[in-house]
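Where does this protein enclose empty space, and which residues face it? Follow the cavities, then a pocket, then the cysteines.

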Amino acid sequence: RAVFRHIIGYCIVFPAILGAIAVQALIFKPLFKNQTTVPHLIYRACGLIFGVRFVLNPDCAPFSSDNPTMFVANHLSRLDFVVLPLFPDAAVMMNAKIHDMPLWGPIVKVFTKSAGFVATEQNHEGKQGDKTQLGQAAQEGRNIFVFPEGIQTDGRRVLRYSMGSAEIFYDADLIANYPALGTTLLQPVVLRVKTIEGEDVLHQPAKWESYALTHKLVNIFYGMSRLSMVRSITVDVLVCPPIDPRDFVNAASLITAAQEVTREIIAPDQSEALTRRQWKARIDARDFRV
């Protein structure tokens, strides 16, 4: 099955995706100002190739539709981007280091630019530029999608959420330039693996490794190869009630509240949230104790 998926992927889907990226960059974005139709087709194609499907939980809160919304989700796998078609017209924050990947990097850069992604440098110099891009997206009526952990986990824990993206709600100068930020809401999104090969694992995070692959995390190509060996994975998407940033005094308290919503569902017994750097050090040391 894995060999078949690789043949289909590299011989048929990969060239088709390259063509779709070219169409997005040369036609849909410049001529029609459309940043979602082609990308959503690409996400769905990737989901089909790897047997990954995202489904909205029936207990989801309604999407906040009257105002732009920032959705913040925990990060389980490199394939989490397949969830994006469920979220209307969302500008996605991503680590600009992906652009440095061999072979894929330049391709991803062309795609993300034409698809309205916000490629963050994750440093002090680039922070204002990131905030400006997010403000522009909100002013255009677009939603925002962020993985504030900044790195995938093993599903058994929730890392400390970075408050960088949430700072847009407390920057007076930014709000003055982009008034839509004054009414933008935040909605936590909880991603959980629901089934693996048809087995219900929703409440068994220890089994989510087949999707997260953290223990085998070497590089993106190896990870995708391992993932292709699994026949089918369903990921549960639980959208939680919106949070109004105006109810919190600063970005730290707001993003901590969003993180707590997710932690209480995924890891209710977790007493301490690791930072991204601490978790990266754990991965490097192959230390996966909870």
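In this predicted model, the largest cavity is lined by Q35, T36, P39, H40, Y43, L84, F87, A90, V92, A115, F117 and R142. Two elements, α2 (37-50) and β3 (90-95), each give two or more residues to that lining. The largest share comes from α2, with 3 residues. By character, the lining of this cavity divides into 8 nonpolar residues, 3 polar and 1 charged. R142 is among the lining residues, and arginine counts as charged. The volume of the largest cavity is about 70 Å³. In total, the structure holds 2 cavities of 30 Å³ or more.

Now turn to the pockets. The second largest pocket has about 290 Å³ of space. Its lining comprises 14 residues, and those closest to the pocket centre are R157, Q270, S271, E272 and V290. The lining of this pocket splits into 7 nonpolar, 2 polar and 5 charged residues.

Last come the cysteines. How many disulfides does a search of the whole structure find? The count is 0. Take C240, which is in no disulfide. The nearest cysteine sulfur belongs to C60 and is 7.9 Å away. A disulfide requires the two sulfur atoms to be within 2.5 Å, so the C240 and C60 pair does not qualify. Is C240 buried or exposed? C240 is buried, at a relative accessible area of 6%. C46 is also buried, with a relative accessible area of 12%. Both values fall under the 20% cut-off for buried residues.

How values were computed: Residues numbered from 1 in each chain as written. Predicted model: local features only at pLDDT ≥ 70, side-chain atom pairs only at ≥ 80, totals over all residues. Heavy atoms only, no water. 1 Å grid on protein atoms, 1.4 Å probe; cavity = no way out; pocket = protein on both sides within 12 Å on 5 of 7 lines; lining within 4 Å. Points joined across faces, edges and corners; volume = space filled by probe spheres on them. Helix = DSSP H or I, 4+ residues; strand = E, 2+ residues; numbered from the N terminus. Buried < 20%, exposed > 50% of the residue type's maximum accessible area, 1.4 Å probe, protein only.
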